[in-house]
Amino acid sequence: MNLLAEKRILLGVSGGIAAYKSAELVRRLRAAGAMVRVVMTSAATGFVSARTFQALSGEIVRCGWSDDQSGMDHIELARWAERILIAPASADTLARLAQGRADDLLAAICLASRAPLLVAPAMNQAMWRHAATRDNVQRLLERGVQVCGPDTGEQACGDVGPGRMLEPQILQQVLSDSFANGRLAGLKVVVTAGPTREAVDPVRFLGNRSSGKMGYAVARAAREAGASVALVSGPVALEAPTGIQRVMVESAQEMLEAVLARIEGCDIFIATAAVADYRPVAPEPQKIKKQASDWSLQLEPVPDILAMVAALEKRPWCVGFAAETEHLEQNARKKRMHKGVEMIAANQVGGELGFESDNNELLLVWEGGERQLPVADKNLLADQLVEQVADLYADQNTAHEPLENHAKHSA
Ligand code: PMT
(Lines give C-alpha, C1' and ligand atoms only; values in the text may rest on other atoms or scores of the structure.)
Protein backbone atom coordinates (compact mmCIF):
# COMPACT_ATOMS: atom_id res chain seq x y z
CA MET A 1 0.00 0.00 0.00
CA ASN A 2 1.28 3.43 -0.90
CA LEU A 3 0.58 5.76 2.00
CA LEU A 4 0.77 8.88 -0.18
CA ALA A 5 -1.76 7.78 -2.80
CA GLU A 6 -4.48 10.42 -3.18
CA LYS A 7 -3.26 12.36 -0.16
CA ARG A 8 -3.69 16.15 -0.36
CA ILE A 9 -0.40 17.86 0.32
CA LEU A 10 0.01 21.61 0.43
CA LEU A 11 3.64 22.49 -0.20
CA GLY A 12 4.75 25.90 1.00
CA VAL A 13 7.95 27.16 -0.61
CA SER A 14 9.76 30.05 1.01
CA GLY A 15 12.81 31.99 -0.10
CA GLY A 16 16.05 30.03 -0.25
CA ILE A 17 18.37 28.40 -2.74
CA ALA A 18 17.03 24.98 -1.64
CA ALA A 19 13.74 25.87 -3.37
CA TYR A 20 15.02 24.10 -6.48
CA LYS A 21 15.00 20.82 -4.53
CA SER A 22 11.30 21.30 -3.81
CA ALA A 23 10.58 20.98 -7.53
CA GLU A 24 11.97 17.44 -7.35
CA LEU A 25 9.90 16.84 -4.20
CA VAL A 26 6.71 17.79 -6.08
CA ARG A 27 7.66 15.40 -8.88
CA ARG A 28 8.22 12.58 -6.41
CA LEU A 29 4.99 13.21 -4.50
CA ARG A 30 2.98 13.24 -7.72
CA ALA A 31 4.66 10.04 -8.84
CA ALA A 32 3.61 8.49 -5.52
CA GLY A 33 0.01 9.43 -6.30
CA ALA A 34 -0.34 12.45 -4.00
CA MET A 35 -2.21 15.61 -4.99
CA VAL A 36 0.05 18.61 -4.49
CA ARG A 37 -0.81 22.30 -4.41
CA VAL A 38 2.01 24.79 -4.08
CA VAL A 39 1.98 28.16 -2.34
CA MET A 40 5.12 30.27 -2.72
CA THR A 41 6.22 33.28 -0.75
CA SER A 42 7.28 36.26 -2.84
CA ALA A 43 10.91 35.62 -1.77
CA ALA A 44 10.65 32.06 -3.16
CA THR A 45 9.75 33.35 -6.64
CA GLY A 46 13.21 34.92 -6.79
CA PHE A 47 14.73 31.42 -6.74
CA VAL A 48 12.35 29.22 -8.78
CA SER A 49 9.53 30.31 -11.04
CA ALA A 50 5.92 29.52 -10.25
CA ARG A 51 5.67 27.94 -13.70
CA THR A 52 8.06 25.19 -12.71
CA PHE A 53 5.83 24.17 -9.80
CA GLN A 54 2.72 24.64 -11.92
CA ALA A 55 4.04 22.25 -14.56
CA LEU A 56 5.10 19.66 -11.98
CA SER A 57 2.02 19.83 -9.76
CA GLY A 58 -0.54 20.29 -12.54
CA GLU A 59 -2.22 22.89 -10.31
CA ILE A 60 -2.37 26.66 -10.15
CA VAL A 61 0.45 27.98 -7.97
CA ARG A 62 -0.35 30.83 -5.58
CA CYS A 63 2.34 33.35 -4.80
CA GLY A 64 0.58 35.92 -2.65
CA TRP A 65 -2.69 37.61 -1.76
CA SER A 66 -3.16 38.77 -5.36
CA ASP A 67 -3.60 35.07 -6.29
CA ASP A 68 -6.34 34.63 -3.70
CA GLN A 69 -8.98 34.99 -6.43
CA SER A 70 -12.10 34.80 -4.30
CA GLY A 71 -10.64 36.30 -1.15
CA MET A 72 -11.41 32.91 0.43
CA ASP A 73 -8.80 30.79 -1.37
CA HIS A 74 -6.64 30.70 1.72
CA ILE A 75 -9.49 29.18 3.74
CA GLU A 76 -10.33 26.72 0.98
CA LEU A 77 -6.66 25.65 0.77
CA ALA A 78 -6.36 25.43 4.54
CA ARG A 79 -9.35 23.05 4.60
CA TRP A 80 -8.23 21.10 1.54
CA ALA A 81 -4.78 20.18 2.89
CA GLU A 82 -4.26 16.93 4.79
CA ARG A 83 -0.64 17.91 5.42
CA ILE A 84 1.18 21.20 5.03
CA LEU A 85 4.90 20.97 4.43
CA ILE A 86 7.00 24.10 4.12
CA ALA A 87 10.20 23.26 2.27
CA PRO A 88 12.42 25.14 2.33
CA ALA A 89 11.39 26.95 5.50
CA SER A 90 13.57 30.05 5.78
CA ALA A 91 14.54 31.66 9.10
CA ASP A 92 12.03 34.40 8.35
CA THR A 93 9.24 31.89 7.68
CA LEU A 94 9.95 30.07 10.96
CA ALA A 95 9.83 33.43 12.79
CA ARG A 96 6.54 34.37 11.15
CA LEU A 97 4.99 30.98 11.95
CA ALA A 98 6.18 31.21 15.54
CA GLN A 99 4.53 34.61 15.83
CA GLY A 100 1.30 33.38 14.25
CA ARG A 101 1.40 36.06 11.56
CA ALA A 102 -1.24 36.12 8.82
CA ASP A 103 0.11 38.88 6.62
CA ASP A 104 1.12 36.68 3.73
CA LEU A 105 -0.85 33.93 2.02
CA LEU A 106 1.26 31.01 3.23
CA ALA A 107 1.33 32.14 6.85
CA ALA A 108 -2.43 32.78 6.76
CA ILE A 109 -3.09 29.28 5.39
CA CYS A 110 -0.98 27.75 8.17
CA LEU A 111 -2.93 29.71 10.74
CA ALA A 112 -6.28 28.73 9.26
CA SER A 113 -5.52 25.04 8.80
CA ARG A 114 -6.00 22.11 11.15
CA ALA A 115 -3.70 19.93 9.05
CA PRO A 116 -0.46 18.79 10.69
CA LEU A 117 2.31 21.22 9.80
CA LEU A 118 5.81 20.06 8.87
CA VAL A 119 8.71 22.39 8.19
CA ALA A 120 12.04 21.63 6.52
CA PRO A 121 14.36 24.46 7.58
CA ALA A 122 17.05 25.66 5.18
CA MET A 123 19.34 28.54 5.99
CA ASN A 124 22.89 29.58 6.72
CA GLN A 125 24.36 27.69 9.67
CA ALA A 126 24.84 30.85 11.77
CA MET A 127 21.19 31.80 11.21
CA TRP A 128 20.10 28.31 12.26
CA ARG A 129 22.25 28.47 15.40
CA HIS A 130 21.09 31.98 16.34
CA ALA A 131 19.20 32.20 19.63
CA ALA A 132 16.22 33.83 17.89
CA THR A 133 15.85 30.91 15.49
CA ARG A 134 16.36 28.41 18.33
CA ASP A 135 13.52 30.11 20.25
CA ASN A 136 11.24 30.11 17.22
CA VAL A 137 11.90 26.43 16.52
CA GLN A 138 11.30 25.57 20.15
CA ARG A 139 7.96 27.38 20.07
CA LEU A 140 6.91 25.57 16.93
CA LEU A 141 7.92 22.20 18.41
CA GLU A 142 5.86 22.94 21.52
CA ARG A 143 2.86 23.57 19.28
CA GLY A 144 3.29 20.16 17.65
CA VAL A 145 4.91 21.31 14.42
CA GLN A 146 7.19 18.59 13.01
CA VAL A 147 10.61 20.07 12.30
CA CYS A 148 12.35 17.93 9.66
CA GLY A 149 16.10 18.46 9.66
CA PRO A 150 18.05 20.45 8.79
CA ASP A 151 20.92 18.40 7.47
CA THR A 152 24.54 19.27 8.17
CA GLY A 153 27.17 19.78 5.50
CA GLU A 154 28.53 22.21 2.95
CA GLN A 155 26.24 25.15 2.26
CA ALA A 156 25.61 27.21 -0.85
CA CYS A 157 27.32 30.19 0.84
CA GLY A 158 30.48 28.15 1.45
CA ASP A 159 29.92 27.62 5.19
CA VAL A 160 29.85 24.15 6.66
CA GLY A 161 27.35 23.22 9.36
CA PRO A 162 23.64 22.63 10.04
CA GLY A 163 21.16 24.33 7.73
CA ARG A 164 20.89 22.27 4.56
CA MET A 165 17.37 21.27 3.61
CA LEU A 166 16.73 17.51 3.77
CA GLU A 167 16.85 15.76 0.42
CA PRO A 168 13.52 15.37 -1.45
CA GLN A 169 13.43 11.58 -1.02
CA ILE A 170 13.77 11.96 2.75
CA LEU A 171 11.01 14.57 2.89
CA GLN A 172 8.82 12.27 0.82
CA GLN A 173 9.46 9.51 3.36
CA VAL A 174 8.72 11.85 6.28
CA LEU A 175 5.42 12.82 4.69
CA SER A 176 4.59 9.20 4.01
CA ASP A 177 5.45 8.26 7.61
CA SER A 178 3.17 11.02 8.84
CA PHE A 179 0.21 9.06 7.38
CA ALA A 180 1.26 5.79 9.00
CA ASN A 181 -0.89 5.25 12.02
CA GLY A 182 -0.56 1.51 12.08
CA ARG A 183 -0.13 -0.91 14.92
CA LEU A 184 3.67 -0.81 14.76
CA ALA A 185 4.08 2.96 14.46
CA GLY A 186 7.26 4.13 16.15
CA LEU A 187 8.79 0.64 16.34
CA LYS A 188 11.96 -0.60 14.67
CA VAL A 189 11.67 -3.98 12.97
CA VAL A 190 14.47 -6.04 11.42
CA VAL A 191 13.45 -8.75 8.92
CA THR A 192 15.65 -11.37 7.26
CA ALA A 193 14.58 -12.82 3.93
CA GLY A 194 15.67 -15.07 1.09
CA PRO A 195 18.30 -17.78 0.96
CA THR A 196 21.96 -17.73 1.90
CA ARG A 197 24.78 -19.03 -0.29
CA GLU A 198 27.72 -20.84 1.27
CA ALA A 199 30.72 -20.89 -1.03
CA VAL A 200 32.19 -24.24 -2.06
CA ASP A 201 34.62 -22.66 -4.50
CA PRO A 202 34.54 -19.38 -6.52
CA VAL A 203 31.75 -20.66 -8.78
CA ARG A 204 29.70 -23.06 -6.63
CA PHE A 205 27.70 -22.67 -3.47
CA LEU A 206 25.32 -24.50 -1.15
CA GLY A 207 21.97 -22.73 -1.24
CA ASN A 208 18.23 -23.36 -1.13
CA ARG A 209 15.00 -22.59 -2.96
CA SER A 210 13.92 -19.50 -1.03
CA SER A 211 12.77 -16.73 -3.37
CA GLY A 212 12.46 -14.08 -0.65
CA LYS A 213 8.74 -13.57 -1.41
CA MET A 214 7.57 -14.41 2.12
CA GLY A 215 10.22 -12.25 3.82
CA TYR A 216 9.70 -9.28 1.51
CA ALA A 217 5.95 -9.48 2.11
CA VAL A 218 6.58 -9.46 5.87
CA ALA A 219 8.89 -6.44 5.56
CA ARG A 220 6.27 -4.59 3.52
CA ALA A 221 3.50 -5.46 5.95
CA ALA A 222 5.56 -4.25 8.93
CA ARG A 223 6.34 -1.03 7.05
CA GLU A 224 2.69 -0.46 6.27
CA ALA A 225 1.85 -1.08 9.92
CA GLY A 226 3.99 1.99 10.62
CA ALA A 227 7.31 0.39 11.64
CA SER A 228 10.68 1.55 10.47
CA VAL A 229 12.00 -1.58 8.75
CA ALA A 230 15.47 -2.86 7.91
CA LEU A 231 15.43 -5.83 5.55
CA VAL A 232 18.51 -8.04 5.46
CA SER A 233 18.17 -10.05 2.30
CA GLY A 234 20.01 -12.95 0.75
CA PRO A 235 20.35 -13.07 -3.06
CA VAL A 236 16.88 -12.76 -4.62
CA ALA A 237 15.41 -11.22 -7.76
CA LEU A 238 12.95 -8.92 -5.95
CA GLU A 239 12.80 -5.13 -5.82
CA ALA A 240 13.22 -3.48 -2.43
CA PRO A 241 9.79 -2.60 -1.01
CA THR A 242 9.18 1.17 -0.80
CA GLY A 243 10.33 2.94 2.32
CA ILE A 244 12.49 0.09 3.58
CA GLN A 245 16.20 0.06 4.23
CA ARG A 246 17.45 -3.06 2.39
CA VAL A 247 20.87 -4.63 2.85
CA MET A 248 21.91 -7.37 0.46
CA VAL A 249 24.12 -10.18 1.75
CA GLU A 250 25.23 -13.54 0.45
CA SER A 251 26.41 -15.92 3.16
CA ALA A 252 24.96 -16.71 6.58
CA GLN A 253 27.98 -15.06 8.18
CA GLU A 254 27.29 -11.83 6.24
CA MET A 255 23.62 -12.04 7.22
CA LEU A 256 24.59 -12.46 10.87
CA GLU A 257 26.89 -9.42 10.74
CA ALA A 258 24.30 -7.27 8.94
CA VAL A 259 21.62 -8.25 11.49
CA LEU A 260 23.84 -7.60 14.50
CA ALA A 261 24.84 -4.21 13.08
CA ARG A 262 21.15 -3.21 13.05
CA ILE A 263 19.80 -4.95 16.12
CA GLU A 264 20.49 -2.22 18.65
CA GLY A 265 17.22 -0.45 19.42
CA CYS A 266 15.31 -3.05 17.42
CA ASP A 267 11.89 -3.84 18.91
CA ILE A 268 10.87 -6.81 16.79
CA PHE A 269 13.04 -9.28 14.85
CA ILE A 270 11.38 -11.48 12.23
CA ALA A 271 13.62 -14.22 10.79
CA THR A 272 12.02 -15.31 7.55
CA ALA A 273 15.27 -16.17 5.77
CA ALA A 274 16.15 -19.73 4.89
CA VAL A 275 19.62 -19.61 6.39
CA ALA A 276 22.08 -22.44 5.82
CA ASP A 277 22.59 -24.82 8.74
CA TYR A 278 25.98 -26.01 7.43
CA ARG A 279 28.73 -24.55 5.29
CA PRO A 280 31.95 -25.92 3.78
CA VAL A 281 34.77 -25.88 6.33
CA ALA A 282 37.29 -24.64 3.79
CA PRO A 283 35.94 -23.20 0.52
CA GLU A 284 38.47 -23.84 -2.27
CA PRO A 285 40.15 -20.67 -3.59
CA GLN A 286 40.16 -22.12 -7.15
CA LYS A 287 37.44 -23.90 -9.10
CA ILE A 288 37.37 -27.58 -8.10
CA LYS A 289 38.24 -29.84 -11.04
CA LYS A 290 36.14 -32.82 -11.98
CA GLN A 291 37.62 -36.08 -10.70
CA ALA A 292 37.01 -39.68 -11.62
CA SER A 293 36.62 -40.81 -8.02
CA ASP A 294 34.10 -39.88 -5.31
CA TRP A 295 34.54 -36.54 -3.66
CA SER A 296 33.32 -35.43 -0.27
CA LEU A 297 32.85 -32.04 1.23
CA GLN A 298 33.42 -31.40 4.91
CA LEU A 299 30.79 -29.13 6.48
CA GLU A 300 30.60 -27.23 9.74
CA PRO A 301 27.58 -25.74 11.51
CA VAL A 302 26.66 -22.14 10.71
CA PRO A 303 25.91 -19.74 13.60
CA ASP A 304 22.20 -19.63 14.32
CA ILE A 305 21.28 -15.98 13.75
CA LEU A 306 17.83 -16.20 15.31
CA ALA A 307 19.03 -18.02 18.44
CA MET A 308 21.90 -15.54 18.81
CA VAL A 309 19.58 -12.53 18.59
CA ALA A 310 17.15 -14.16 21.03
CA ALA A 311 20.03 -14.69 23.48
CA LEU A 312 21.18 -11.05 23.44
CA GLU A 313 20.98 -9.26 26.76
CA LYS A 314 18.91 -6.43 25.24
CA ARG A 315 16.85 -8.50 22.87
CA PRO A 316 13.97 -7.66 20.56
CA TRP A 317 10.68 -9.59 20.50
CA CYS A 318 11.58 -12.49 18.20
CA VAL A 319 9.63 -14.34 15.52
CA GLY A 320 11.21 -17.34 13.80
CA PHE A 321 9.95 -19.25 10.80
CA ALA A 322 10.06 -23.02 10.59
CA ALA A 323 10.17 -24.83 7.27
CA GLU A 324 9.01 -28.38 7.95
CA THR A 325 8.30 -31.40 5.80
CA GLU A 326 6.57 -33.40 8.60
CA HIS A 327 5.08 -33.06 12.10
CA LEU A 328 4.54 -29.35 11.55
CA GLU A 329 3.00 -28.37 14.88
CA GLN A 330 5.22 -30.58 17.03
CA ASN A 331 8.40 -29.37 15.34
CA ALA A 332 7.27 -25.75 15.47
CA ARG A 333 6.73 -25.93 19.22
CA LYS A 334 10.10 -27.63 19.74
CA LYS A 335 11.81 -25.03 17.58
CA ARG A 336 10.25 -22.18 19.53
CA MET A 337 11.65 -23.53 22.78
CA HIS A 338 15.01 -24.48 21.26
CA LYS A 339 15.57 -21.05 19.71
CA GLY A 340 14.13 -19.22 22.71
CA VAL A 341 11.74 -17.02 20.69
CA GLU A 342 8.29 -15.60 21.32
CA MET A 343 6.66 -16.92 18.17
CA ILE A 344 7.23 -19.44 15.39
CA ALA A 345 5.50 -19.19 12.02
CA ALA A 346 5.60 -22.73 10.66
CA ASN A 347 5.04 -23.73 7.06
CA GLN A 348 4.87 -27.10 5.40
CA VAL A 349 7.40 -27.14 2.57
CA GLY A 350 8.12 -29.58 -0.20
CA GLY A 351 4.78 -29.39 -2.05
CA GLU A 352 3.28 -26.44 -3.91
CA LEU A 353 3.44 -24.06 -0.95
CA GLY A 354 6.32 -22.60 1.03
CA PHE A 355 9.39 -22.07 -1.11
CA GLU A 356 9.12 -20.02 -4.32
CA SER A 357 5.33 -20.01 -4.75
CA ASP A 358 3.14 -16.90 -4.36
CA ASN A 359 0.95 -18.68 -1.82
CA ASN A 360 1.64 -20.20 1.55
CA GLU A 361 -0.08 -21.48 4.68
CA LEU A 362 1.17 -20.69 8.16
CA LEU A 363 0.67 -22.06 11.64
CA LEU A 364 1.59 -19.45 14.24
CA VAL A 365 2.55 -20.82 17.66
CA TRP A 366 3.38 -18.88 20.79
CA GLU A 367 3.30 -19.56 24.50
CA GLY A 368 -0.26 -20.47 25.34
CA GLY A 369 -1.69 -19.99 21.88
CA GLU A 370 -1.73 -20.75 18.18
CA ARG A 371 -3.44 -19.48 15.04
CA GLN A 372 -3.86 -21.21 11.72
CA LEU A 373 -3.58 -18.94 8.69
CA PRO A 374 -5.13 -20.85 5.78
CA VAL A 375 -3.68 -20.95 2.26
CA ALA A 376 -3.46 -17.45 0.83
CA ASP A 377 -1.23 -15.08 -1.06
CA LYS A 378 1.99 -14.38 0.88
CA ASN A 379 1.10 -10.68 1.08
CA LEU A 380 -2.17 -11.40 2.84
CA LEU A 381 -0.47 -13.89 5.18
CA ALA A 382 2.20 -11.30 5.99
CA ASP A 383 -0.51 -8.77 6.92
CA GLN A 384 -2.17 -11.34 9.20
CA LEU A 385 1.15 -12.34 10.75
CA VAL A 386 2.08 -8.72 11.46
CA GLU A 387 -1.34 -8.11 12.98
CA GLN A 388 -0.88 -11.10 15.31
CA VAL A 389 2.64 -9.98 16.23
CA ALA A 390 1.32 -6.48 17.00
CA ASP A 391 -1.38 -7.95 19.29
CA LEU A 392 1.05 -10.16 21.23
CA TYR A 393 3.76 -7.52 21.34
CA ALA A 394 1.32 -4.98 22.76
CA ASP A 395 -0.01 -7.48 25.37
CA GLN A 396 3.42 -8.67 26.48
CA ASN A 397 4.95 -5.24 26.65
CA THR A 398 2.08 -3.84 28.63
CA ALA A 399 2.39 -6.75 31.05
CA HIS A 400 6.16 -6.92 31.56
CA GLU A 401 7.96 -3.84 30.42
CA PRO A 402 9.63 -1.45 32.79
CA LEU A 403 8.08 2.03 32.61
CA GLU A 404 10.98 3.75 30.86
CA ASN A 405 10.53 1.50 27.81
CA HIS A 406 6.90 2.53 27.45
CA ALA A 407 8.08 6.07 26.94
CA LYS A 408 10.41 4.92 24.20
CA HIS A 409 7.69 3.03 22.32
CA SER A 410 5.18 5.80 22.49
CA ALA A 411 7.70 8.52 21.57
O1 PMT B 1 11.41 -17.18 0.33
P2 PMT B 1 10.17 -17.90 -0.12
O3 PMT B 1 10.39 -18.61 -1.46
O4 PMT B 1 8.96 -17.02 -0.13
O5 PMT B 1 9.90 -19.09 0.91
C6 PMT B 1 9.51 -18.77 2.22
C7 PMT B 1 10.17 -19.71 3.23
C8 PMT B 1 9.65 -21.13 3.02
C9 PMT B 1 11.69 -19.69 3.08
C10 PMT B 1 9.79 -19.16 4.66
O11 PMT B 1 8.42 -19.18 4.81
C12 PMT B 1 10.44 -19.98 5.76
O13 PMT B 1 9.96 -21.00 6.19
N14 PMT B 1 11.63 -19.49 6.23
C15 PMT B 1 12.44 -20.21 7.23
C16 PMT B 1 13.19 -21.31 6.56
C17 PMT B 1 14.15 -21.99 7.50
O18 PMT B 1 15.32 -21.83 7.37
O19 PMT B 1 13.59 -22.66 8.48
P20 PMT B 1 14.44 -23.47 9.60
O21 PMT B 1 13.42 -24.29 10.25
O22 PMT B 1 15.62 -24.11 9.00
O23 PMT B 1 14.97 -22.32 10.55
C24 PMT B 1 14.25 -21.87 11.70
C25 PMT B 1 14.48 -20.41 11.95
O26 PMT B 1 15.85 -20.18 12.30
C27 PMT B 1 14.20 -19.51 10.78
O28 PMT B 1 13.59 -18.35 11.29
C29 PMT B 1 15.58 -19.17 10.21
O30 PMT B 1 15.62 -17.87 9.62
C31 PMT B 1 16.43 -19.20 11.47
N32 PMT B 1 17.83 -19.61 11.23
C33 PMT B 1 18.11 -20.86 10.75
C34 PMT B 1 19.45 -21.22 10.60
C35 PMT B 1 20.45 -20.29 10.92
N36 PMT B 1 21.75 -20.60 10.75
N37 PMT B 1 20.14 -19.09 11.37
C38 PMT B 1 18.84 -18.74 11.54
O39 PMT B 1 18.56 -17.61 11.96
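**Salt bridges in a predicted model**

In this predicted model, the side chains of arginine 28 and glutamate 24 meet in a salt bridge, with 3.7 Å from N to O.

Reader: How many residues apart do arginine 28 and glutamate 24 lie in helix α1?

Author: Both arginine 28 and glutamate 24 belong to helix α1, and their spacing corresponds to about one turn of the helix. The number of residues that separates them is four.

Reader: Which salt bridge does glutamate 24 form with N and O atoms 2.9 Å apart at their closest?

Author: The partner also lies in helix α1, which covers residues 19-31, and is placed three residues from glutamate 24, about one turn of the helix. That partner counts as partly exposed because its relative accessibility is 40%, between the limits of 20% and 50%. The salt bridge of glutamate 24 at 2.9 Å is thus the one with arginine 27.

Reader: Is arginine 220, which meets aspartate 383 in a salt bridge, buried or exposed?

Author: The side chains of aspartate 383 and arginine 220 meet at 3.3 Å, N to O. This pair links distant parts of the chain, with aspartate 383 in helix α13 (residues 378-400) and arginine 220 in helix α9 (residues 213-224), 163 residues apart. Aspartate 383 is partly exposed, with a relative accessible area of 34%. For arginine 220 the relative accessible area is 17%, and because buried means under 20%, arginine 220 is buried.

Reader: Which residues do salt bridges with shared partners join into one network?

Author: The structure holds 24 salt bridges. Through shared partners, salt bridges join into one network the residues Arg96, Arg101, Asp103 and Asp104.

Definitions and conventions. Residues numbered from 1 in each chain as written. Predicted model: local features only at pLDDT ≥ 70, side-chain atom pairs only at ≥ 80, totals over all residues. Heavy atoms only, no water. Salt bridge = Lys/Arg side-chain N within 4 Å of Asp/Glu carboxyl O. Helix = DSSP H or I, 4+ residues; strand = E, 2+ residues; numbered from the N terminus. Buried < 20%, exposed > 50% of the residue type's maximum accessible area, 1.4 Å probe, protein only.
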